Amino acid sequence: MFNAQEIISTIEMVKNEHLDVRAVTLGISLFDCISHDLSVFKKNIRSKIIRNASNLVGMCDEVGEKYGIAVVNKRISISPIALVGAPFSASQMVEIAHTLNDVAREVNIDFLGGFSALVEKGIAPGDRALIDALPEALAQTQRICASVNVASTRSGINMDAVLDISRAIKKAAALSAADDGLACAKLCVFANIPQDMPFMAGAYLGVGEADAVINVGVSGPGVVKKAIERALENSPELDLGQIAEIIKNTACKVTRVGELIGREVAKNLKIRFGVVDLSLAPTPTVGDSIGEIFQALGLTSIGVPGSTAALAMLNDAVKKGGAFASSHVGGLSGAFIPVSEDLNIAEAVAKGYLTIEKLEAMTCVCSVGLDMVPVPGDISEETLAGIIADEMAIGMINNKTTATRIIPVPGKKAGDKVYFGGLLGEATIMNVNHATNKDSFVTRGGRIPAPIHSLKN
Amino acid sequence: MNKIVVTILGKDRPGIIASVSKSLYQMDCNLQNVNQMILQNQFAGFFIIDHPTHLTLEVIRQQLEKDLADQKLHIHADIAETKGNDNHETDEEIFLITTIGPDQKGLVSRFTEIIASYNVNVTKLTAIFKGGDEPTANIMSYQVAITPDTNQAGLFKSLRQKALELGLDISIQHKNIFETINKI
C-alpha cells in the first residue's frame, strides 16, 4: 500500500502541476506505399495510415483514463514525403499534403508530421518538389507539419537549401498573412534531425525505423518547477548541485510515467514501442512554463545574465534523469524554449529581458533552438537565411540537434503582438537587427564543410 | 491442514508482537503471515499460523489468553480459509480511488456502499480525517480489485457522481502509476 504522502504527491503532480503525456506519436513507414502513379500512391498512404491509426486516439484516451494521466496530443509521423513521393512534382506534392490532411482529420489527430526532406548534403528531385510545395501545402492545410534537415555534423550545412527554405518560409507567411503567418508555425528547419522525435512540428519517421512504432513525448515543466520550489522552501540553503539532483530525480519520475503509458498503448495496439522523449515542453498556461523554472532558480526572468548557465544545468539534469529512468530515451530529451508557446518566455520578450541574440546563445545548451519566434514581416530572405544558418552552425559544430521555427509576420513590426491561438500561443514580435539587409553571404550557396572530428582540444 | 488466523486488538504499547509470537512459538506454531497496524494509539495485529496437529483451535486460543492475560488485549482465533500467499486473481486490476475534501459523517459508508453494489472488493483502505480546511488532512484511499466482469465504467461514474454531490475531489487511477512514480 502507498502511504498518504505518496498518494498526495502523485495526485498533485497530475492535477496541479500539469504532469501529462504531451504526445503519443505513432510513426508509420510509407515506403511500401510507393508508386509512380499519384492516385495509387495517395490511396496506398491513406489505407496504410488508417489501418494503423484508426484506434490510436481511442486507445490513448483509454490508457490515459486508466492511469489518470491525460494524453494531450495524439499524432502521427510518417516517412519523409520527399523520399516516398520522390517521383512527384511540386503541385502533386501539394495534393499529397491535402490527402494527408484529410486522413489526419479522419483518424482524429491534430497534427501529422513528415512532410519532410533530408537535404543536408544535396537536393534530389523529390526534395526540390517538396521544398517548392511547402508554402502552398502548409497554407492550404491545417494538420500537416513539415521539416527540412539542412545540416548535420557529418555533412555540414547545405547553404543552397538554407536559402531555399528561407524563401519558402517568406512565401508561406505571405500565403497565410490573414493568420499572422501561421503556416510557418508548422515548419521546422533542422540540423541533426532526430529520427524518432514525437514532438511536432519536427516529427517524422526515420528511414531506419520499424514499419510502425509508438514514440512518447512527456512534458512536465510545472512538476519540475514545483519540485524546485518545494525543495527550496524546505531547505533554502540548497546549492545548485543539490537543485540539479532534484531536477534529475523529478525528470526520472516523469520519464517513467511516459514509458508506462507509451508501452501500454503500444502493447494494446500491437505496435512496437520506440522511445520516450522527455522534453520539458511548455504550454501557454500559467504553471506549465519553462520560463517559470528560471524564476524558481532565482533569476528575474529568462533572458537575464545567468540564463544560459541555468538552462545548461536544467537540460543536463533532465537528460540524466531520463536516461536513468528508461533504456529507450530518444528524440530531443531536454528543454524547449519556444517563445510564443510559453507564457513566461513571451512575457520576457515583451518586457525586454529576452532578445533574439540571447535566445540563440541559449540554444547552444538546450534542445531545439529558435522555436516559435515571430519576427518582423519585412525581414529579408537573406537575413532569415542568415539566422537559420547561424542556428544550424551551432548544431553542426556541437554535434547536437538545433532547429528553427521562425514566423515572419506579414505587415507587423518588432514590438507588435501576434496571436496564433491554442498551444501555439501568442507573443510580441522580436526585434531583429538589420532585418531588411540583403547580405550576399547566404546567396553564395554551396555547402559549409562538415567540421573536423579530431583535434577537439 | 487448516491454518489459524489470530487477531489481537488493544491499546498500543511496546512488546505486544513479542508476547504474541513468544506464546505461539512456545506452542510450536509457525508464523506464516503477520501484519499489524496502529490507528492513532490502537494496535491491531493479524497472525496466520501453522499449528501442530494435536493443538485444536480452542487450545491455542485459551493458551494465548492465558499468556497475554495481563495485557488487556482482545484475542480472537479462527480457522483461516486462505488460498496461500497469492490471494488475488491474476486477471484483477488494482485501482486506487482517492477522495480529498472536507470531513463529513458517513463518507466511508457512502463510498463503500457504491463499491459493494458493483460487487467489487476493497483490498485496502486508508482514511485520514483530521478535520479543518487543509485538503490533505482529509483523505480516503480505497484500493479496489477490478475484475474483467466488473462494470468499470459504471462504477467509476457512480463514484465520481457521489464525490461531486459531496464536494470531494476524486481521483481514480491504476496502482501502477503510483508504483511508477514512487517506487523507483
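**Notebook: sheet, helices and interface**

I began with a strand pair in chain B of this predicted model. Strand β1 (residues 3-11) and strand β3 (residues 42-50) of chain B pair in the antiparallel sense, and I recorded 8 bridges between them. As one register point, I noted B:Lys11, which stands opposite B:Gln42 in β3(B).

I then looked at the helices that accompany this pair. Helix α1 (residues 16-26) of chain B packs on the sheet and touches β1, β2 and β3 of chain B. Its direction makes about 20° with that of β3(B). Helix α2 (residues 57-67) of chain B also packs on the sheet, where it touches β1 and β4 of chain B. I noted an angle of about 160° between the direction of α2(B) and that of β4(B).

Next I traced the sheet as a whole. It is an open sheet of 4 strands in chain B, ordered β2-β3-β1-β4, with antiparallel pairing. Which strands stand at the edges? They are β2 (30-39) and β4 (74-80) of chain B; each has a single partner strand, so one side of each is left without a neighbour in the sheet. From one strand to the next I recorded an average twist of 15°.

I looked up the domain assignment of chain B. It gives domain 1 as 3-80 and domain 2 as 93-182. The C-alpha centres of these two domains of chain B lie 32 Å apart.

I turned to the contact between the chains. Here 20 residues of chain B are in contact with 18 residues of chain A. On the chain B side, the elements that give two or more residues are β5 (93-100), β6 (121-129), β7 (138-146), β8 (169-174) and α5 (175-182). Which element gives the largest share of that side? It is α5(B), with 6 residues. By class, I noted 8 nonpolar, 11 polar and 1 charged residues on the side of chain B that touches chain A.

I followed α5(B) to its helix partners in chain A. The axes of α9(A) and α5(B) come within 8 Å and cross at roughly 145°. The crossing of α9(A) past α5(B) is right-handed. On the chain A side, the contact is made by A:Lys253, A:Arg256, A:Val257 and A:Leu260 of α9(A). On the chain B side, B:Asn176, B:Ile177, B:Thr180 and B:Ile181 of α5(B) take part. I recorded 4 nonpolar, 2 polar and 2 charged residues for this contact of α9(A) with α5(B).

The second partner I examined was helix α1 (residues 4-15) of chain A. Its axis and that of α5(B) come within 10 Å and cross at roughly 95°. That angle makes α1(A) roughly perpendicular to α5(B). A:Glu6, A:Ile7, A:Thr10 and A:Met13 of α1(A) meet B:Ile177, B:Phe178, B:Ile181 and B:Asn182 of α5(B). I counted these residues by class as 5 nonpolar, 2 polar and 1 charged.

Finally, I examined a helix pair inside chain A. Helix α8 (residues 221-234) and helix α9 (residues 240-269) of chain A have axes that come within 9 Å and cross at roughly 140°. This makes α8(A) oblique to α9(A). I noted that α8(A) passes α9(A) in a right-handed crossing. From α8(A), the residues A:Val223, A:Val224, A:Ala227, A:Ile228 and A:Ala231 meet A:Ile243, A:Ile246, A:Ile247, A:Thr250 and A:Val254 in α9(A). By class, this contact has 9 nonpolar, 1 polar and no charged residues.

Notes. Residues are numbered from 1 along each chain as its sequence is written. Chains are lettered from A and ligands numbered from 1 in the order in which they are written. This is a predicted model: local features need pLDDT of at least 70, side-chain atom pairs count only at pLDDT 80 or more; totals for chains, interfaces and linings use all residues. Two residues are in contact if their C-beta atoms, placed from the backbone, lie within 7 Å. Ala, Val, Leu, Ile, Met, Phe, Trp, Tyr, Cys and Pro count as nonpolar, Asp, Glu, Lys and Arg as charged, and the others, Gly among them, as polar. Axes are lines fitted to C-alpha atoms, for helices over the stretch in contact, and angles run from 0 to 180 degrees between N-to-C directions. Angles under 35 degrees count as roughly parallel, over 145 as roughly antiparallel, 65 to 115 as roughly perpendicular and the rest as oblique. A crossing is left-handed if the near helix is turned anticlockwise from the far one by less than a right angle, and right-handed if clockwise. Domain bounds come from an automatic or database domain assignment. Two strands pair if DSSP finds at least two bridges between them.
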